[in-house]
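Here's a quick briefing on a few pieces of local architecture. Have the viewer open as you read.

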Amino acid sequence: MKRTLSMSGIAYGGDYNPEQWPEEVWAEDMRLMREAGVNLVSVGIFAWALLEPSEGVYDFSRLDKVLDLLHENGIAADLATPTAAPPAWFFRAHPRALPVDRDGRTLSYGSRQTFCPSSPAYRQAALRIAGALAERYAGHPAVRMWHVHNEYGCHNAECYCDTSAAAFRTWLRDRYGDDLEALNTAWGTTFWSQWYYDWEEVLPPRATGAVPNPTHRLDWRRFCSDALLSLCRAEVAVLREAAPEVPATTNFMVMPAFDALDYWRWAPELDVVSNDHYLFSTDPEPYVDLALSGDLVRSLAGGAPWLLMEHSTGAVNWQPVNRAKNPGELRRNALAHVARGADGVAYFQWRAARAGAEQWHSAMLPHAGTDSRIWQDVVRLGADLAALAEVKGSRSPADVAVVWDWDARWAVELPSQPSEEVRFLDRVRSWYEPLWRAGVTVDFVRPDADLSAYRLVLAPSLYLVDDAGAANLTAHAARGGTLAVGFHSGMVDASCHVRPGGYPGAFREALGVRTDELFPLLPGETRTLTGGGTATLWSERVRLAGARAVTAYADGPLAGVPAVTRHTHGEGTAWYVATHPDAATLGELLLGMCAEAGVRPVLDGVPEGVEAVRRRGEDADYLFLIDHGGDGARVRVPEEATELLTGTPLPDGLVEIGAGEVAVVRVPR
């Protein structure tokens with residue numbers, strides 16, 4: 001049974017670390033939180049050393065006061081298990097719990113997440129502190145949700161120590177039915193004399209002198225994700241035993257720099273799906289990644305609302321250059337997450353730290369205090385979210401699904417590929433972006449998902465796919481839907497073995513094509529397309545086997561060879577995009593597919609530079625209109641609508657959006 005977070009409106013707040021400040025500051029925190037409209041804070045995330053000063057000895061006096069103070073001020077607590085940062089005394093007692101990197105170096109404590117995920121000593125200690133917290137605070141009126149750990153795998157997704165090696169072998173024995181020959185077959189160990197005769201011979205993919213076995217490396221990534229997931233499950237079980245009605249969450253990291261965990265496997269284990277998302281200074285349009293992340297997190301939640309557990313009010317502290325946000329960006333970022341299904345907006349952190357590794361990370365209450373633009377924006381956002389209370393619980397219907405699979409992501413980025421320039425996220429974003437610009441809502445799905453709700457299914461990068469997933473996708477087209485597949489997809493099975501008979505492997509028949517040889521392009525190399533535009537990154541010698549060519553290469557060694565094809569498969573249509581067209585050409589192609597499949601944007605006539613997203617409630621639609629272009633806009637919306645942030649009626653169906661501003665329009669149904 002999924003438990004829900006009980007909040008009267010949209011949750012608003014951030015990480016609250018009062019242990020970093022003298023107690024006399026806490027009263028000011030409460031006053032300012034009320035002023036900003038804060039109603040939920042995460043507490044205790046990195047407090048293990050203070051809560052358990054020595055093994056089995058607890059000091060909850062500080063946390064007792066903080067939780068009581070929050071409750072007195074009407075602020076709910078998302079109470080964390082502090083297991084992401086074990087204290088120094090733990091490692092003195094259990095030095096073998098420290099992680100070991102791929103080169104065999106043991107890492108030291110003195111930071112966060114410096115533990116081996118497979119360490120029995122760590123698991124025992126983590127469950128002990130989680131149990132003590134659960135027993136003490138299960139009935140506390142401030143505790144509205146459990147925050148399990150923090151950013152699992154952020155710094156220790158892989159540990160190569162002997163303890164991890166033993167756990168890896170146990171995991172493999174379970175995966176392969178305790179059949180060593182099955183493992184040898186799956187890993188193709190006849191290559192390079194890698195055959196194993198005893199389970200004890202199997203090690204993690206530590207540093208070697210040549211290219212690692214791809215299936216060995218892929219199974220290792222799967223194991224590492226599952227090892228951390230087992231810790232999360234164990235903590236959740238302890239918390240639920242003490243407080244069966246309190247929901248549990250942990251903060252995912254669905255953003256470009258992190259790919260360590262298969263969140264499709266994680267999401268069902270949690271009552272509430274939460275995410276941390278940060279912008280990257282080197283991205284000229286980071287709001288596109290923000291939207292992609294939001295859509296993916298909503299999809300992980302099964303379409304249900306989710307929580308933004310962390311983002312930043314301004315600069316972060318961990319990039320080579322940490323830039324502040326532009327005027328209005330704080331508000332646009334937060335409301336864009338709400339537009340894509342977030343029923344809560346939180347920051348790291350409430351009060352900017354004076355000391356420690358994150359002292360230059362922005363906060364809701366910055367070093368400059370309340371006489372600052374950030375504070376003014378924080379207070380304004382609190383009022384905005386209060387005005388949007390009725391949006392809580394609404395959903396975002398989509399007619400388009402994009403296939404996302406962590407196995408495929410891990411596999412396509414293994415060494416010795418035809419081109420190391422082919423990266424999963426780049427491919428997915430290049431297909432997602434034109435739909436985002438057009439205001440077409442997208443869900444993300446697993447290859448084996450139920451696709452019946454979608455008119456158009458896109459698989460931009462699905463190098464690895466098992467037989468069931470491939471059959472599910474092609475059946476969508478056979479039943480009358482539209483399927484589009486990107487290059488280098490369907491190439492290998494679940495064991496990372498190449499599918500024989502020509503490319504694109506699992507999708508050849510449905511796509512009506514057969515490729516016999518790949519011609520990846522060098523960096524900077526381009527090809528002209530007969531239908532207009534250019535292509536980079538990839539080409540291949542495609543032969544038609546029932547499909548028709550939509551466009552072909554106009555020059556180079558493959559001149560005249562199809563680059564994009566269309567095929568009638570069953571009652572539907574299957575497209576193959578066998579190259580990487582320029583952005584304009586790819587956008588025109590994908591929007592043509594949308595039109596052909598009957599997919600419409602959420603709103604017609606939206607000016608360029610304005611993001612348009614819809615959430616659907618029981619009685620009304622909510623149109624979020626976000627001006628990223630900075631020029632402002634006038635947008636035609638249905639008559640008799642209301643702009644919620646200002647409470648302005650729109651009897652003539654025209655809404656004015658200021659430069660860099662946001663409008664949220666309620667449209668009754």
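What follows covers a sheet, a strand pair and a helix. Keep in mind that this is a predicted model. The sheet is an open one with 7 strands and mixed pairing, and α17 is a helix of 15 residues.

**The open sheet**
- Going across, the strand order is β11-β10-β12-β13-β20-β19-β18.
- The edges belong to β11 (442-445) and β18 (548-552); each has a single partner strand, so one side of each is left without a neighbour in the sheet.
- From one strand to the next, the twist averages 20°.
- Inside the sheet, β10 (residues 400-403) pairs with β12 (residues 456-459) in the parallel sense, over 3 bridges, and V400 sits opposite L456 of β12.
- Helix α14 (residues 424-437) lies across β10, β11, β12, β13 (482-486) and β20 (572-577), and runs at about 155° to β11.

**The β24/β27 pair**
- Strand β24 (residues 633-636) runs antiparallel to β27, and 4 bridges join them.
- V635 stands opposite V655 in β27.
- β27 (residues 654-657) has two faces: V655 and I657 are on the covered one, L654 and E656 on the uncovered one.

**Helix α17**
- α17 (residues 583-597) reaches 21 Å from its first C-alpha to its last, close to the 21 Å expected at 1.5 Å a residue.
- At the start of α17, a side-chain oxygen of D582 comes to within 3.2 Å of the backbone nitrogen of A584.
- Buried residues in α17 include L586, L589, L590, M593 and A597.
- An α-helix has 3.6 residues a turn, so residues three or four places apart point the same way.
- Just after α17, G598 takes a positive phi of about 80°.

Conventions:
Residues numbered from 1 in each chain as written. Predicted model: local features only at pLDDT ≥ 70, side-chain atom pairs only at ≥ 80, totals over all residues. Heavy atoms only, no water. Pairing = 2+ DSSP bridges. Axes fitted to C-alpha atoms, helices over the stretch in contact; angles between N-to-C directions. Contact = heavy atoms within 4.5 Å. Buried < 20%, exposed > 50% of the residue type's maximum accessible area, 1.4 Å probe, protein only. Expected span 1.5 Å × (residues − 1). Polar contact = N/O pair within 3.5 Å; in protein donor to acceptor, adjacent residues only side chain to side chain.
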